[in-house]
Amino acid sequence: MFTSTDNTVVLPAFTRVDAALFMTVTRQLRAQLNMENLLDERYYPFSNGNNNITPGSPRALRLSLTTNF
């Protein structure tokens, strides 16, 4: 993808791997573990011109609990 209309800078292609695990702890409680950018890939998903290129997020881990009443 080009970064601007002059087509002088190109963002490199990338593949980001995400994963999720779900577990029912009880009838009222569910746990979820998400890992984003599992392989810790360096990537650039956005740009606003040739000199304003945004890097992607590094590896991130999120744990959440959901309850039902």
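**Exercise 1.** In this predicted model, find the loop that holds Asp-40, and decide whether Asp-40 is buried, partly exposed or exposed.

*Solution.* Step 1: Locate the residue. Asp-40 sits in the loop that links strand S2 (29-36) to strand S3 (46-47). Step 2: Look at the backbone. Phi of Asp-40 is near 55 degrees, which is positive although the residue is not glycine. Step 3: Take the relative accessible area, which is 42% for Asp-40. Buried requires under 20% and exposed requires over 50%. Asp-40 is therefore partly exposed.

**Exercise 2.** Where is Asn-7 found, and what is its phi?

*Solution.* Step 1: Asn-7 belongs to the segment before strand S1 (19-24). Step 2: Its phi is near 55 degrees, again a positive value in a residue other than glycine. Step 3: With a relative accessible area of 43%, Asn-7 is partly exposed.

**Exercise 3.** How many helices and strands does the protein have?

*Solution.* Step 1: The order from the N terminus is β-β-β-β-β. Step 2: The count is 0 helices and 5 strands.

**Exercise 4.** What is the radius of gyration of the protein, and what would a compact globule of 69 residues have?

*Solution.* Step 1: For a compact globule of 69 residues the value would be near 11 Å. Step 2: The protein has 18 Å. Step 3: Turn to the box filled by the C-alpha atoms; along the principal axes its sides are roughly 55 × 25 × 15 Å. Step 4: Add burial: 16% of the 69 residues count as buried.

Conventions
Residues are numbered from 1 along each chain as its sequence is written. This is a predicted model: local features need pLDDT of at least 70, side-chain atom pairs count only at pLDDT 80 or more; totals for chains, interfaces and linings use all residues. Side-chain values use heavy atoms; hydrogens and water are left out. Helices (H or I, at least four residues) and strands (E, at least two) are DSSP runs, numbered from the N terminus. The radius of gyration is taken over C-alpha atoms; the globule rule is 2.2 Å times the number of residues to the power 0.38. Buried means under 20% relative accessible area, exposed over 50%, partly exposed in between (1.4 Å probe, protein chains only).
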